[in-house]
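The exercises below are meant to be worked through with the sequence and the coordinates side by side. Each task is followed by a solution that proceeds step by step.

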Amino acid sequence: SDHMENICGYLMKYTNLVTGWQYRFFVLNNDAGLLEYFVNEQSRHLKPRGTLQLAGAVISPSDEDSHTFTVNAASGEQYKLRATDAKERQHWVSRLQICTQHHTEAIGKNNPPLKSRSFSLASQGSASSPGVQRRPSQNAVSFFNVGHHRLSTGKRVPIMQPDHLVDVREMMSQAEGQQRDLIRSIECLPVSGHLTSLDQDLLMLKATSMATMNCLNDCFHILQLQHASQQKGSLPAGTTISWLEPKISLANHFKNGAAQNFPAEINKPASVREEQSVAEPCQLTREPEEINPDEELEDICDDKEDDLGAVEEQRSVILHLLSQLKLGMDLTRVVLPTFILEKRSLLEMYADFMSHPDLFIAITNGTTPEERMIRFVEYYLTSFHEGRKGAIAKKPYNPIIGETFHCSWRMPKSDVATDAGSNSSAHSASEQVTLPKDLEGQKETDYYTVKFVAEQVSHHPPVSGFYAECVERKMCVNAHVWTKSKFLGMSIGVTMVGEGLLSLLEHGEEYTFSLPCAYARSILTVPWVELGGKVNINCVKTGYSASINFHTKPFYGGKLHRVTGEVKQNMTNTVVCRVQGEWNSVLEFTYSNGEMKYVDLTKLSVTRKRVRPLEKQGPFESRRLWQHVTESLRDGDIDKATEHKRALEERQRNEERLRAETETPWCTKYFLKEGDGWVYHKPLWKTVSAVQTQQTDTN
């Protein structure tokens, strides 16, 4: 008790990236178990600027220096503080730890461990009804009635019978329904008043109830695996693990058509369902599929992301989410709310970077290495504008491992830029390369075809591979991208780790390139996208390279979306072209001969991609996989979109867990691991090289 003293004094508090560290006057209230702070000592009689409950908190001295420490409250809120010296830090840390321990133990004594139970709301009504009103002294947990459920005990049997698993599944379904009702009831509470949907106790109850259900699901999953192994002995060698059905009935998640018949599935013995999920239903072959471009139709979807409605309505949810994040935190495993999602997968977003196939094909039409490098830079800089759908920054769906996306573009040959003295559709016999038989037989057309395929090859870390080719012009591009996202305070930063390779087989040239970082700015107001960082394009054979800088806007002054760059000949260090402007507006190219060229990206024609209809797509193809989420977002039904999204993610987690338990590696469909990168299984450069080798051997 001698150490339970109320102390006060100035400490530096870290606010955010903009304001940084600020002096604030802190007060430790031992009686109430609170850490409060004020702007200064003179304002101590006013309402505190901030308050932390110390019961259940963690006080941690920082490793970065001898002055800094953090206070992590049970609610998830964190104060990062700095004392004037090591001695003062130790004084504050010790007093805070004593106070925290005292109040944490007090809660433990007053609230003994609870028996297994499920929660249901005491009453349903408006915010003004007596059942919903809460007196200041009333704890949020007392707002709920507790109904005890006791399982009847019986004799233990050596092997659990199938009907026992059915009983467990039914109980789990009931518990899941009660937990879902609990969440809905909390979320239906008003955002202001005595008891709100953002009450810290209720938020904690939501989190712990969900964690409890996840733990029970894991235990039930172990029982299923045990039973399956007892019935079959062990999994046969070479068994392919496919997606498990969700561990809890998700009948409400799939209401579109008769493709899912959950009631009949539930009536089957659990052992049968388990065996089918493990061994039988491997209709999802991992063999590469050749997509016929003639089956693809011009895309009519035009989902512009200019609607702020859902974001405005859910601002309190965003605030709560931000309060749980820490600066620099990796967001890869953070589940973001559904209402900030775009209506497309990340794999499709990569395809939209190819929306100017005329500029892509025109690269190989350049008559000199210098001109081809400049054309590649022009195509590269024009690709990002169409990759964004609207001015509002929203997040595409995180692809599920094994997810694929296919599309193509048809480009009239007359629309592809050529040069004087060159013919884009006619080449001398010495330039002709005989294509393999599977690429022959294509009747002569008046258009070029660019084919695209993307696949999510890894889940942790999240890596996507994509490949595009134009067989007629013997050019292709292969790339792999690992998206690393971090929380930056009022922004989210995404680093695109990886490398791309453009191959111009007619010229024997390879161009390596990287991608810029992306930032979602102003995430609390009107979020918008900014690109930043330096990227390089290099061709070893010709000695030409390009350096491009995407400039982020400074805090004061400066332009948005500014980009600058230069193309040079490495041997002579001569700059042959400079570029400046905005990557989403107008670009200005200045050539070594003094000529200038302006490209207005807002007026560039966009070629619509061609995609197979949903009924012809495989179950792992992006649009079919996410169709229920997309439809719900279009209808503005965020709750239903969240349910569908959660069902897909749960299936992915189940599959990943089962692969780990059976030590079954994941097999990709279209891309192969080569070194640190991923390469398309049948790239054009390998196909053409093999044919040329055969021709040489024949001669």
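**Exercise 1.** In this predicted model, decide whether Glu295 is buried, partly exposed or exposed, and describe its surroundings.

*Solution.* The relative accessible area of Glu295 is 31%, and since buried means under 20% and exposed over 50%, Glu295 counts as partly exposed. In the chain, Glu295 lies in the loop between helix 5 (270–278) and strand 10 (297–298). Once its neighbours within four places in sequence are set aside, the residues in contact with Glu295 are Arg612, Pro613 and Lys616. Val611 is 316 residues away from Glu295 along the chain, yet their C-alpha atoms are separated by 8.1 Å.

**Exercise 2.** Determine how helix 12 is oriented relative to helix 13, and which residues meet.

*Solution.* Helix 12 (residues 627–634) packs with helix 13 (residues 638–662) at an angle of about 170 degrees, the axes being 8 Å apart. Because angles over 145 degrees count as roughly antiparallel, helix 12 is roughly antiparallel to helix 13. From helix 12, His628, Val629, Ser632 and Leu633 take part, and they meet Ile638, Lys640, Ala641, His644 and Lys645 of helix 13. Sorted by class, this contact comprises 4 nonpolar, 3 polar and 2 charged residues.

**Exercise 3.** Assess the confidence of the model, for the chain and for residues 113–160 and 420–442.

*Solution.* The average pLDDT of the chain is 75, with 68% of the residues scoring at least 70. Over residues 113–160 pLDDT stays under 50, although the model has 66 contacts beyond four places in sequence for them; residues 420–442 also stay under 50, with 31 such contacts. Where pLDDT is low, predicted coordinates should not be read in detail.

Methods. Residues are numbered from 1 along each chain as its sequence is written. This is a predicted model: local features need pLDDT of at least 70, side-chain atom pairs count only at pLDDT 80 or more; totals for chains, interfaces and linings use all residues. Side-chain values use heavy atoms; hydrogens and water are left out. Axes are lines fitted to C-alpha atoms, for helices over the stretch in contact, and angles run from 0 to 180 degrees between N-to-C directions. Helices (H or I, at least four residues) and strands (E, at least two) are DSSP runs, numbered from the N terminus. Angles under 35 degrees count as roughly parallel, over 145 as roughly antiparallel, 65 to 115 as roughly perpendicular and the rest as oblique. Contact means heavy atoms within 4.5 Å. Ala, Val, Leu, Ile, Met, Phe, Trp, Tyr, Cys and Pro count as nonpolar, Asp, Glu, Lys and Arg as charged, and the others, Gly among them, as polar. pLDDT is the predictor's confidence in each residue, from 0 to 100. Buried means under 20% relative accessible area, exposed over 50%, partly exposed in between (1.4 Å probe, protein chains only).
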